[in-house]
Amino acid sequence: KGKSIGEIDGFRAFKETHPGAIYLHRGDTYLINRLDIATGTVEAAKAQVDYYTRVRGHKNTEILDVIGEKNIWKTKVYFGRLKVTDQVTGYEKWRIHAGKSLGIIPLDLPPLVFETEGLWYRIPQEIQNKTEEAYLHFMGGIHAIEHACIGIFPLLVMTDRNDLGGISTPFHHQVQGPAVFIYDGIPGGAGLCRQSFEKAETLLEFTLKTIATCPCESGCPSCVHSPKCGSGNRPIDKAAAVFILQAMKSSGTTITVPKLSSVLTTKPDPLPIKTFRQDLRFGVLDLETQFSAEEVGGWHRMDLMKISCVVLYDSKKDAFFEFLEDQIPLLLKHLKSLDLVVGFNIKRFDYGVLTGYTDFDFAALPTMDILEEIKNHLGFRLPLQHLAEVTLGKKKMADGLQALRWWKEGKIREIIEYCRKDVEITRDLWLFGMKTGYLLFRNKSGKTVRIPVGWHIPPKEDGGDK
């Protein structure tokens with residue numbers, strides 16, 4: 001209606017009022033329809049939506065002038081003038097209640113370029129090497145340090161974290177190595193990093209303490225997550241951040257690799273790995289289908305895909321059990337006798353297919369879905385084949401498409417053997433994670449990296465017959 005509801009500075013406008021953004025103003029929700037850069041005008045309309053938006057982008061920095069430097073722990077910290085280039089590339093839409101991603105929408109906006117003041121820590125190359133040798137995610141570690149430093153900053157200097165920006169890079173051409181930058185998010189600078197430069201060692205001390213003592217499993221908004229991260233807090237590796245900071249602080253040559261599960265915290269998880277029950281009766285389940293998702297009309301109709309076979313490993317009997325389509329009642333009886341059911345994508349797929357045969361509520365079964373745990377930590381899924389090769393050095397026998405072809409050819413024995421092999425791999429991955437507290441994967445740069453896992457085991461039931 002042409003009514004002015006407020007003002008926003010030009011540097012925040014691209015991130016908070018880009019076209020398609022959901023903008024909150026005085027308790028009201030607005031949908032941004034247009035961002036007119038030439039006139040400095042944003043058009044917004046009130047809207048009732050069940051999603052929120054989160055901007056995506058990337059940044060880089062150029063060192064214009066080094067004003068000061070000093071030794072901190074095993075490294076150096078610098079203060080000076082920087083030129084920052086901040087490019088918004090798109091935004092994510094997320095369902096509010098379900099926490100489900102609705103996709104990424106690209107944006108074509110000019111880069112924001114400004115000069116400011118900042119400080120930066122150089123990470124020694126030997127520490128990067130040791131981090132990667134320990135199969136920790138180095139980029140995830142320095143990214144976590146950057147976020148945590150910014151979060152701690154207001155304890156040292158009177159400011160708000162939104163007044164600051166940060167960049168972490170595994171190689172900066174001027175530093176000639178890895179570095180973590182923190183800068184005043186205001187063109188020209190506001191004196192924030194200038195004040196904190198004198199307290200640079202205290203900033204690292206507080207950062208290490210905050211990350212190491214946070215009771216979360218692998219990172220949260222209280223320690224290493226940032227609400228305005230342009231990459232959606234990926235990659236983030238809390239354990240790597242602790243490792244790097246401890247290595248920088250250590251005066252000796254020996255660096256201890258931290259355990260990658262709940263032992264990072266001062267408070268133990270309710271069911272930490274060390275409480276693995278020897279009497280636990282767990283099963284590992286996998287199934288194959290007669291039809292593909294395409295043949296039944298899509299993945300939302302998994303209940304129509306029909307079972308060709310099911311294989312279930314029972315730890316108590318140390319044996320594999322095979323079930324065909326007419327034996328589902330026997331399968332359900334067996335599943336109900338277990339303390340825990342383990343699978344790979346079992347909640348979304350296997351249970352979805354089984355609902356075509358029964359009205360049983362599979363959510364009632366204590367279930368460990370390895371793929372779900374991986375996605376919760378990394379933010380994306382990894383194939384079973386990838387985890388098997390990198391973690392166990394094993395290969396799958398075939399794939400789902402081959403199993404469908406075998407079904408059409410009547411080769412049920414081949415399907416069962418393939419399904420059994422996948423159950424073995426899933427079981428061995430679960431046991432590996434139980435023993436070590438991590439699985440392994442290969443990241444985009446080809447480095448083998450640990451994925452922290454904390455398999456939670458159901459407590460023993462008093463008076464039970466299991």
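## Buried sites, cores and packing in a predicted model

Gly 454 is buried, with a relative accessible area of 13%. Buried means under 20% relative accessible area, exposed over 50%, and partly exposed in between, using a 1.4 Å probe and protein chains only. Gly 454 sits in the segment after β16 (448–452). From Asp 237 it is 217 residues away in sequence and 14 Å away in space, C-alpha to C-alpha.

This is a predicted model, in which local features need pLDDT of at least 70, side-chain atom pairs count only at pLDDT 80 or more, and totals for chains, interfaces and linings use all residues. Residues are numbered from 1 along each chain as its sequence is written, and side-chain values use heavy atoms, with hydrogens and water left out. Helices (H or I, at least four residues) and strands (E, at least two) are DSSP runs, numbered from the N terminus.

**The sheet.** Three strands form an open, antiparallel sheet in the order β1-β2-β3. Its edge strands are β1 (22–25) and β3 (41–46), each paired on one side only. Neighbouring strands are turned by 45 degrees against each other on average, direction ignored. Strand β2 (residues 28–36) is joined to β3 by six bridges. Two strands pair if DSSP finds at least two bridges between them. Leu 35 has Val 42 of β3 as its bridge partner.

**The cores.** A nonpolar core is a set of buried Ala, Val, Leu, Ile, Met, Phe, Trp, Tyr and Cys residues joined through side-chain atoms within 4.5 Å. The largest one has 47 residues, and Phe 153, Ile 182, Leu 203 and Ile 244 touch the most other members. Elements that each supply at least two residues include β5 (75–95), α3 (138–152) and α5 (200–213). Helix α6 gives the most, with nine residues. Apart from this core lies another, of 38 residues, among them Leu 371, Ala 403, Trp 406 and Ile 425.

Leu 203 is in contact (heavy atoms within 4.5 Å) with Tyr 121, Cys 149, Ile 152, Phe 153, Leu 156 and Ile 182, leaving aside neighbours within four places in sequence.

**Helix packing.** Helix α9 (residues 346–354) has seven of its nine residues buried, so it is largely enclosed by the rest of the structure. The buried ones are Ile 346, Phe 349, Asp 350, Tyr 351, Gly 352, Val 353 and Leu 354. Their cover includes β10 (282–289), β11 (307–314) and α8 (328–336).

The axes of α11 (residues 384–392) and α13 (residues 412–436) come within 10 Å and cross at roughly 55 degrees. That makes α11 oblique to α13. Angles under 35 degrees count as roughly parallel, over 145 as roughly antiparallel, 65 to 115 as roughly perpendicular, and the rest as oblique. Axes are lines fitted to C-alpha atoms, for helices over the stretch in contact, and angles run from 0 to 180 degrees between N-to-C directions. Residues making the contact include Leu 384 and Leu 387 of α11, and Ile 425 and Phe 432 of α13.

**Positive phi.** Most residues other than glycine have a negative phi, and most peptide bonds are trans. Two residues with positive phi are listed here.

| Residue | Phi | Loop |
|---|---|---|
| Trp 73 | near 50 degrees | between β4 (51–72) and β5 |
| Asp 318 | near 50 degrees | between β11 and β12 (319–323) |

Is Asp 318 buried or exposed? At 55% relative accessibility, Asp 318 counts as exposed.
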